[in-house]
Amino acid sequence: MLREMQREFNFAWKETALRSLIVVAFFLSAISLLAGALTINDQEDLALRLNTEIKSEQLQILKGKTDPGDIAYSLFHLTFDPPSELAFVAVGQRNELTWLHRVRLLALEGQIHETSDANPEILTLGHLDFSFFLSVLLPLLVIGLLFDIEAREHRDRRHELICSASRFGNRIFLIRAMVRSLLLAAAVTVPFIIAAINSNITLIQASSVIGLTLFQIVVWLALSQFITRRMREAATAGLSLISIWLVLTLLIPIIGKIFVEYRVPVPNGGSILLTQREAVNDAWDLPKTATMKPFTEAYPEWREYGDVGKPFEWKWYYAFQEMGDRTAKPIAQALYKGMRDRHEAMAWIALLSPSLLIERRLTALAGTDVLQHLRYIQCSRRFHAEMRHFYYPFLFHEKAMSESNLAEIPEFKPCAL
Amino acid sequence: MRLGDIYFIAKDEWRYWFRSRLSLSAIIAASLLLVASLINTTHQVQTESATREGFQQEAVKTFESQPARHPHRMIHYGHYIFRTPTPLSVIDLGVDASAGTVMFLEGHRQNSTVFPPNYSNAYAGQLADLSPAFAYQMLVPLLLIILGYASISRERELGTEIVLYSIAVTPMRLWLGKTLALGASAVITLTPLVVGLSFAVSEGEPVWTAAYMFLGYATYLLTWVFIITATSAVCQRSASAFTTLLGIWIVLCVISAPLASSIAETGKSYEGKVASDIAVQQALRGTGDGHNEADIAFNQLRAELLRQYEVKSVESLPFNIRGIISLNAEETQTKILNRFSDQRMEQAKAQTQVIYWLGLLSPTLALKNFSVNIAGTSLSEYQRFQRQAERVRFDFVQKLNTMHAEQLTYDDDIKRSIDPLSEQRTRIDSHHWKILYATSHHENFEVARISESFPHFLALIFWCFFAAIMAANVAKKGDKNVA
């Protein structure tokens, strides 16, 4: 067996076409890893820089301020979701779903849906990363490598000769396909291993990625074998394989997406915005008790401080901001639930599409899928709640903030994956 | 029989396709996909348009039906503007799914557009798109490859090529016949496009822009026809023609777009809204708070007004100075805000410019660029929407500030927090809120779209000529120059 494989390896390596395909695979793998790493590095740098900038900005704002209402109004915080160590492998939806926000104590529903306003043309054209390479390009490389291994021999009328010369009979072509696939696997994984060594990913993460690579190669090796066994004509075999690729990589995900979006409706973001604005703005025209009564019901500890005598008081201002959030929150939660449900429903579609399966596995491992975005949003919401709990005692007791109080203002810390 | 043999070769090629199960099933599959993509996108555009227009009307109505109140309250109440798809979106949705659909407009701030459809869409990988644009850019070339890869190499393999040449068919005429056959089928695949374009015309798109878009797609497919017949003419075997064409297809249709996008993204930095907001906050420091008339930033303005109207105190001015200060502060702030948003737009444009140049290397990318620009689903159109939104914002805010200055007395304005009667008098009637700049109708920037897509059209024409000349050159040599 090993001798046979050794010989097949020698045969393969003598072929110029094969060598060039392996070189192309190597470079595509390397380029996609590089592109992903550059994108993620830029994001890391940006998060770091903005965090420093906003800290120095905060110091400027706090200078000479003691009024808690005023401080909470003008003090912005950065909330962000730093990319995971593995993010360079699968940039996923990070560019599409916002991963940093600038928030203050005002109604959160008016702030948390802001986007980074990224270039939509870049988003539409997609990006090259290892995940794209594995899920979309790698099958094409396997097809290119294997679609004519038998047809070629039929054409040159050597098929029978080769089969009879091997002790494995016509299974020699399986061995041949496996040897060539192994070469491809090596060409594809070597750049990844180099990248992995230069990053901080764990051995388990690295082996999962390599495992997915091998899985994809095996799937397409099997499909190729299935087709090339049956089709004597190289072009027909190639065409059949390309059609299978089209169906598995493009059509099933597209049809699945259309179906899932039809079956799992989500509320329109527009209704969150309109609802929240009405709730917040109505408060200005309503009697103060209309805000403070439900507020003190939610926060019984502030009941005895709930009276608002002046036309404007900070505690009332922040109370109606929070009450506005509470009105819009159910719609926002329904949106998040819809996003999660859609993501979960797509898992079933992914069972029919190895490419989508790999993309989903990788983005889940890399923390670049919609679930991670929702975790980050939850993290930002928790931080906003933490700020409210910090400021409310100052606002309700109408207490000026001392230097040491200022030092205690909560700071955002990214939540662990 | 000058054109006769070309015609017969073409007809025979057609007959061959209809006898081949493979070609026939490819034709049927591609037609179904084209029709499905058109139905899917039209449906999507119509639902999205209806939803967003519905919200837009609701937003205008709620703004205009607000009760009597202080005009500055209306500045903070704000307004929403929704981005609606252009008629040609039924062909190419372009950036629509990735660009925010709604923007909140208020005083003193420029917000980002929010809720791009992709925010809540199901994620199905990067290639999951079923629009006619996608079908024509990616799938129809594959169909043409399936039909045409063997067109000339088959005759060579079967030995019929020599026979044809011996009966006075020149290699050039053989190539022309095959090209005619493949070109005709490319034209037929354009039928769903014509249906989609007619639909767009019925929705208000001018006929000439629709025709121009058709020309772009036709040129692109013709380029493929030339690439395919040239490859087939140059290859000894059909199998190698097939492999070569598939390689070309993968590079042009699968790799070139994400590769170009990654190059642009990493080559030209774009820092985004949050970075820009932090910078804006620093730049705004010291420009004065328009809510606070005592802010020292307005000392000069106040002194000038007092001198101009020859009065001793602000109370004696013939208008409410608080409104003037708001008006003035908004203008100063807006200049700074626009400086930063222009900077951001320039950064995004620089990225897109990289992609546009890379279009010279790939006809598929050139067509993508052409298509989004003519369809009005490009970055430029999105930025026009953002500029239009800013115009609407500045317009209503300043109208309200003017009311603040002209219709409210200074005396009432300063006492409104302590005196309920003054407070009542600072509320102006609800009929004043009918001030929104009309945004309900979609502005159709035909001239801009034509001029923005024209360089890409030239690139397509260049590719088509280049492919045609290459093809004619290799075809002329017949079997003497097979690779």
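How many bridges join strand S2 of chain B to S3(B), and do the two run parallel or antiparallel? To find out, select residues 102-106 of chain B, which form S2. Two bridges join this strand to S3(B), and the pair is antiparallel. Please bear in mind throughout that the model is predicted.

**The sheet of chain B**

Widen the selection to the three strands of the open sheet, which follow the order S1-S2-S3 with antiparallel pairing. Strands S1 (79-82) and S3 (109-110) of chain B are found at the edges; each has a single partner strand, so one side of each lacks a neighbour in the sheet. For a detail of the pairing with S3(B), display Glu106(B), which stands opposite Arg109(B).

**From the sheet to chain A**

Next, add residues 269-285 of chain A, which make up helix H11. Helix H11 of chain A lies across S1 and S2 of chain B, and its direction is at about 170° to S1(B). Then select Asp285(A) together with Arg73(B): their side chains meet in a salt bridge, at 3.2 Å from N to O.

Now show both chains in full. Seven salt bridges are found across the interface of chain B and chain A. The contact involves 87 residues from chain A and 93 residues from chain B. Between the two chains, about 7,800 Å² is buried, with 63% of that area coming from carbon and sulfur atoms.

**Two helices of chain A**

Move to helix H12 (residues 288-298) and helix H13 (residues 314-350) of chain A. Their axes come within 9 Å and cross at roughly 70°. That crossing makes H12(A) roughly perpendicular to H13(A). By class, eight nonpolar, one polar and three charged residues make up the contact of H12(A) with H13(A). To display it, select the following residues:

- on H12(A): Lys288(A), Thr291(A), Met292(A), Pro294(A), Phe295(A) and Ala298(A);
- on H13(A): Trp316(A), Ala319(A), Phe320(A), Glu322(A), Met323(A) and Arg326(A).

**Along helix H13**

Finally, select Lys337(A) and Asp341(A), whose side chains meet in a salt bridge of 2.7 Å, N to O. These residues are four apart in helix H13 of chain A, and therefore about one helical turn separates them. Over all chains, the structure holds 50 salt bridges.

Methods: Residues numbered from 1 in each chain as written. Chains lettered and ligands numbered in written order. Predicted model: local features only at pLDDT ≥ 70, side-chain atom pairs only at ≥ 80, totals over all residues. Heavy atoms only, no water. Axes fitted to C-alpha atoms, helices over the stretch in contact; angles between N-to-C directions. Parallel < 35°, antiparallel > 145°, perpendicular 65-115°, else oblique. Contact = heavy atoms within 4.5 Å. Nonpolar A, V, L, I, M, F, W, Y, C, P; charged D, E, K, R; others polar. Pairing = 2+ DSSP bridges. Buried area = accessible area lost by both parts, 1.4 Å probe. Salt bridge = Lys/Arg side-chain N within 4 Å of Asp/Glu carboxyl O.
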